[in-house]
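Here are my notes for anyone opening this structure for the first time. Have a look at the sequence and the model, then go through the points below.

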Amino acid sequence: MKEQREQYDVIVCGGGTSGVMAALSAARNGMRVLILEKNAYFGGANTAAMVSPLMTFHAGKRQVVKGIAQEIIDRLKEKKATLGHIKDPIGMVSSITPIDSEALKMLYFEMLGSEPNVSVLLNSIITGVGISNGIIETVTVTTRAGKQIFKAALVVDATGDGDIISFAKENFVIGRTQDGMAQPMSLMFKVSGIRMDEVRQYIRANPEQFIWNSQCDVNDYVAVSGFFSLVKQAQENGDLNIPRDRVLFFQGLKEGEAIINMVRVIKLSGVAPDELTKAEFEAHAQVREIVAFLRQYVPGFADCRLEMVADMIGVRESRRLSGMYTLTADDVINNREQPDSVAVCAFPIDIHSPSGDELNWVRKEKYNCYDIPYRAMLPQKTKNLIVTGRCISATHEALASARISATAMALGEAAGLACAICIKNATSLHKLEVSELQDNLRKQGAVPGKRWL
């Protein structure tokens, strides 16, 4: 079995949204970066799992996520692959950002491929780390050519599932406190051939059947959280048996297209291979059932076509770091500022019931807007590891807010920059002067905390 050893400044484990931001941020600050990704392309949830629109860049009229994340949107705009930031018709958040997932995939190839300080290994599964005295010395991946071993001064866990946390035997938790059950998984899919005028007409005639932002015009963009009576009717008739109480979809970039978010797979783990396999089978069966339901019951969908199914099921929650600070529901609900903030999140607690069909939003004010502290990215034991994306240190309830794409992008930029500063200053991640990180985030155009809005 062939082994390969190479030395880098930073190894980014995971090429999803947060990992790409971390790699770009570190590389642009002079670091030699290796990014490892299990798929054949980048983007994770936003490409492989087709999670779109991106949420959310704004708290009210204030843009709370900028930096490299906004650069991505600007470049997609140039390619006519996003509508940009628009008001959320459902009213859950201030803005949503519909994107073309395939264009985002291509853009990430373009950006990482042109960055001289970034090396990439795709189709590579991380299978372990070598650790001694709290330092990750090696990262091992398995490829079709066999095992390869890489070394770096610092490691970023951007796997989403906290794989490196687990390999390093760091403290982590899964699911809610009472039973360890995590939020449901969902398989996104796209349908075309929708007669949107019929959808709009039904919404206007039956407003009580929808959660709708009165400031939005259904003629501009259609986002649906509703058709409650039709879902109930189909369930009573035995034509819909999934644990879902509503139709949830967002209009695509083309007229007649929509990204459907209705699949709900409950009581299965996103990190247990046998359960994840079972989840994929169950999810695909639900897609067939949902498409049949849409055609039979929902106005405008009679002749819709299944256009695309995501390459993988979307996992909302799996391992969560138990770090130097744990983000709580109280932090989220009370819009708390943090002295070591490195990112701002403006998403409410969005609990998809782990055991039922409910979807509940929890917030005190109209717009959530809270800080995520640097400490929530730091493990308790491993000295050269920083965690980003949805596996940061947070409670089950807090992660239901902090897990979103725009926040993951902001955290990734902070993680990559933190690594660069530590290597330049010959200091550890735990001893980093956070004020320096915050100042440099601002220089990169990012928003490190509420007080800089």
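**Notes on a predicted model**

1. Let's start with the rings. Across the whole structure, a search turns up seven aromatic pairs. Bear in mind that this is a predicted model.

2. One of those pairs is Phe-42 with Phe-109, which meet edge-to-face, with 5.2 Å centre to centre and 65° between the planes. This pair links distant parts of the chain, 67 residues apart. Phe-42 sits in the loop between strand E2 (33-36) and strand E3 (58-59), while Phe-109 belongs to helix H3 (residues 101-113).

3. Buried or partly exposed: what are Phe-42 and Phe-109? Phe-42 is buried, as its relative accessible area is 2%. Phe-109 is partly exposed, with a relative accessible area of 33%.

4. Next, take Tyr-202 and Phe-227. Their ring centres are 5.2 Å apart and their planes are at 35°, so this pair counts as tilted. Because Tyr-202 is in helix H5 and Phe-227 is in the loop between E14 and H6, the pair ties together parts that are 25 residues apart in sequence. Both residues are buried: Tyr-202 has a relative accessible area of 19%, and Phe-227 has a relative accessibility of 0%. The cut-off for buried is under 20%, so Tyr-202, with its 19%, makes it into that class. Tyr-202 and Phe-227 also join Phe-210 in one aromatic cluster.

5. Tyr-202 leads us to helix H5 itself, which spans residues 196-205. Which residues of H5 are buried? They are Met-196, Val-199, Arg-200, Tyr-202 and Ile-203. These residues lie on the same side of H5, because they cover an arc of only 165° around the axis. The general background is that an α-helix has 3.6 residues a turn, so residues three or four places apart point the same way.

6. What about the other face of H5? Turned away from the buried side are the exposed residues Asp-197, Gln-201 and Ala-205. As for what covers the buried residues of H5, the list includes strand E14 (223-226), helix H6 (228-236), strand E15 (247-251) and strand E16 (258-260).

7. Rings here also pair up with charges. Arg-32 places its charged end over the ring of Tyr-8, 4.4 Å from the ring's centre. In another case, the charged end of Arg-319 sits over the ring of Phe-172, at 5.7 Å from its centre.

8. Please check the backbone in the loop between E2 and E3, where Pro-53, Thr-56 and Met-50 are found. Ser-52 and Pro-53 are joined by a cis peptide bond, with omega about 5°. Another cis peptide bond joins Met-55 and Thr-56, and there omega is about -25°. Met-50 has a positive phi of about 60°, although it is not a glycine. Met-50 is buried, with a relative accessible area of 5%. Phe-42, from the edge-to-face pair above, is in this loop too.

9. Lastly, look at Lys-267, in the loop between E16 and helix H7 (273-297). Lys-267 is not a glycine, yet it has a positive phi of about 65°. Is Lys-267 buried or exposed? Lys-267 is exposed, with a relative accessible area of 55%.

Notes: Residues are numbered from 1 along each chain as its sequence is written. This is a predicted model: local features need pLDDT of at least 70, side-chain atom pairs count only at pLDDT 80 or more; totals for chains, interfaces and linings use all residues. Side-chain values use heavy atoms; hydrogens and water are left out. Buried means under 20% relative accessible area, exposed over 50%, partly exposed in between (1.4 Å probe, protein chains only). Helices (H or I, at least four residues) and strands (E, at least two) are DSSP runs, numbered from the N terminus. The arc is that of the directions from the helix axis to the C-beta atoms. Contact means heavy atoms within 4.5 Å. Rings of Phe, Tyr and Trp (its six-membered ring) pair if their centres lie within 6.5 Å; planes under 30 degrees apart count as stacked, over 60 as edge-to-face and the rest as tilted. A charge sits over a ring if NZ of Lys or CZ of Arg is within 6 Å of the ring centre and within 35 degrees of the ring normal.
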